[in-house]
Amino acid sequence: MRPFAYQRATDAQAAVAALAERPNAMYLGGGTNLVDLMRLGVVSPDALVDVTRVASGTVEDTADDGLLIGAGVRNSDLAAHPAVRRRYPMLAEAVLSGASGQIRNMATVGGNLLQRTRCSYFQDVSKPCNKRQPGSGCPAVEGDHRNLAIIGQSAACVATHPSDMAVALAALGATVHVQGRSGTRQVPMPGLHRLPGDEPDRDTVLEPGDLITAVELPALPPTIRSKYRKVRDRVSFAFAVVSVAVALDVADGVVRDCRIAFGGIAHVPWRARLAEEALRGTPATAAGFTRAADAELAQARPLPENGFKVPLARNVLVRTLTDLVETS
Ligand SMILES: Cc1cc2nc3c(=O)[nH]c(=O)nc-3n(C[C@H](O)[C@H](O)[C@H](O)COP(=O)(O)OP(=O)(O)OC[C@H]3O[C@@H](n4cnc5c(N)ncnc54)[C@H](O)[C@@H]3O)c2cc1C
Ligand code: SF4
């Protein structure tokens with residue numbers, strides 16, 4: 001690993017200023033993704049600016065009954081927080097489905113959102129990869145893409161976003177608070193992560209030096225129920241092959257509201273707006289759930305080795321909606 005300097009920032013402005021001074025520096029959260037990528041030679045920052053004591057580690061109620069989660073909150077603390085477990089169970093479930101207890105104890109909310117793809121070519125510096133080295137090519141299109149995208153991908157990159165937490169946040173319609181060089185701003189989710197297009201090296205809409213300071217969750221109606229379901233190759237310590245986060249509000253057998261996002265199928269946590277539209281105001285039945293899933297997945301353009309994800313995503317969504325109705 002290339003030698004690097006280390007500094008601990010004392011506040012958000014100082015962290016942003018530190019990166020402005022050293023353009024090849026990076027923020028350090030728990031380090032559970034970044035340090036691995038440094039060891040592999042995928043990234044080689046000349047300095048790490050530790051932001052774990054800058055980005056707030058607290059979870060607080062907002063004035064409009066939402067929650068404000070500091071970017072420095074550890075994944076384990078987020079999943080265990082009573083307000084998260086009670087009001088946003090799918091977020092707690094999503095976080096607990098990721099990584100291992102030890103990694104969740106280290107990993108932060110900000111770092112989790114910005115973790116990089118697990119495409120094996122991206123992590124192997126002996127191989128070309130447009131995301132790591134723009135213009136070098138995408139061997140995954142012709143090579144190993146079983147776990148990669150079926151929707152929204154481009155010829156330049158077919159990677160998927162690996163975060164489980166981000167899928168729940170996209171379904172919830174969270175807002176990401178950002179401190180940049182020219183002040184603070186808010187970025188909606190979905191909207192933080194971007195599709196690859198012809199710039200797959202850019203995972204998000206963030207600008208160089210932007211610091212995530214918090215994530216805000218909107219209030220949910222008390223009648224809404226939510227669930228995260230993840231299909232993976234091993235029962236733990238494995239990324240999603242397909243996952244879904246669903247919040248559902250049913251009254252008198254009719255879907256009043258729903259919010260759905262998929263993981264493991266796209267370069268972004270994929271908000272399923274077409275499925276949501278197809279469900280709202282219709283009877284909460286298995287046939288309706290299947291029609292809604294098909295409406296969303298009609299956009300899928302799978303590669304030769306990952307066509308199985310289309311029926312898998314449909315079944316996971318239908319099963320999760322059905323579970324939510326049966327347990328309400
Ligand atoms: C074996 C293993 C299995 C895993 N399985 C899963 C899984 O199933 N599901 C899942 O979702 N995740 C999984 N993970 C990934 C894990 O969740 C991430 O590594 C972790 O969430 C990253 O958080 P961190 O704080 O350690 O980030 P870091 O590694 O510190 O940083 C990640 C990136 O975010 C940037 N960054 C950090 N904080 C900020 C900030 N506040 N503002 C701006 N930029 C910032 C860093 O510069 C870096 O680019 C797994 C990891 C491992 C090692
Ligand atoms: S899918 Fe994306 S990350 Fe993977 S090799 Fe192709 S360009 Fe690189």
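In this predicted model, strands β5 (residues 67-70) and β8 (residues 211-217) run antiparallel to each other and are joined over 4 bridges. Within β5, G70 stands opposite A214 of β8.

This pair belongs to an open sheet of 5 strands, whose order is β4-β5-β8-β6-β7 and whose pairing is antiparallel. The edges are taken by β4 (59-61) and β7 (183-188); each has a single partner strand, so one side of each is left without a neighbour in the sheet. From one strand to the next, the twist averages 25°.

Strand β8 also leads to the ligand. Ligand 1 is surrounded by 33 residues, and the closest of them are Y27, G31, T32, T108 and D164. By class, this shell around ligand 1 consists of 15 nonpolar, 13 polar and 5 charged residues.

Several contacts to ligand 1 come from the protein backbone. A backbone N or O atom of G30 lies 2.7 Å from an oxygen atom of the ligand. For L34, a polar backbone atom is likewise 2.7 Å from an oxygen atom of ligand 1. At A99, the partner of the polar backbone atom is a nitrogen atom of ligand 1, at 3.1 Å. Ligand 1 taken alone exposes 980 Å², of which the protein buries 92%.

Which elements give two or more residues to the shell around ligand 1? They are β2 (25-28), α2 (34-40), α7 (109-113) and β8. Strand β8 therefore appears in both parts of this account: it lies between β5 and β6 in the order of the sheet, and it contributes to the shell around ligand 1.

Terms used:
Residues are numbered from 1 along each chain as its sequence is written. Chains are lettered from A and ligands numbered from 1 in the order in which they are written. This is a predicted model: local features need pLDDT of at least 70, side-chain atom pairs count only at pLDDT 80 or more; totals for chains, interfaces and linings use all residues. Side-chain values use heavy atoms; hydrogens and water are left out. Two strands pair if DSSP finds at least two bridges between them. Axes are lines fitted to C-alpha atoms, for helices over the stretch in contact, and angles run from 0 to 180 degrees between N-to-C directions. A residue is near a molecule or strand if one of its heavy atoms lies within 4 Å of it. A polar contact is a pair of N or O atoms within 3.5 Å; within protein, one must be able to donate a hydrogen and the other to accept it, and residues adjacent in sequence count only if both atoms are side-chain atoms. Accessible areas come from the Shrake-Rupley method with a 1.4 Å probe; for residues, only the protein chains shown count as cover. Ala, Val, Leu, Ile, Met, Phe, Trp, Tyr, Cys and Pro count as nonpolar, Asp, Glu, Lys and Arg as charged, and the others, Gly among them, as polar.
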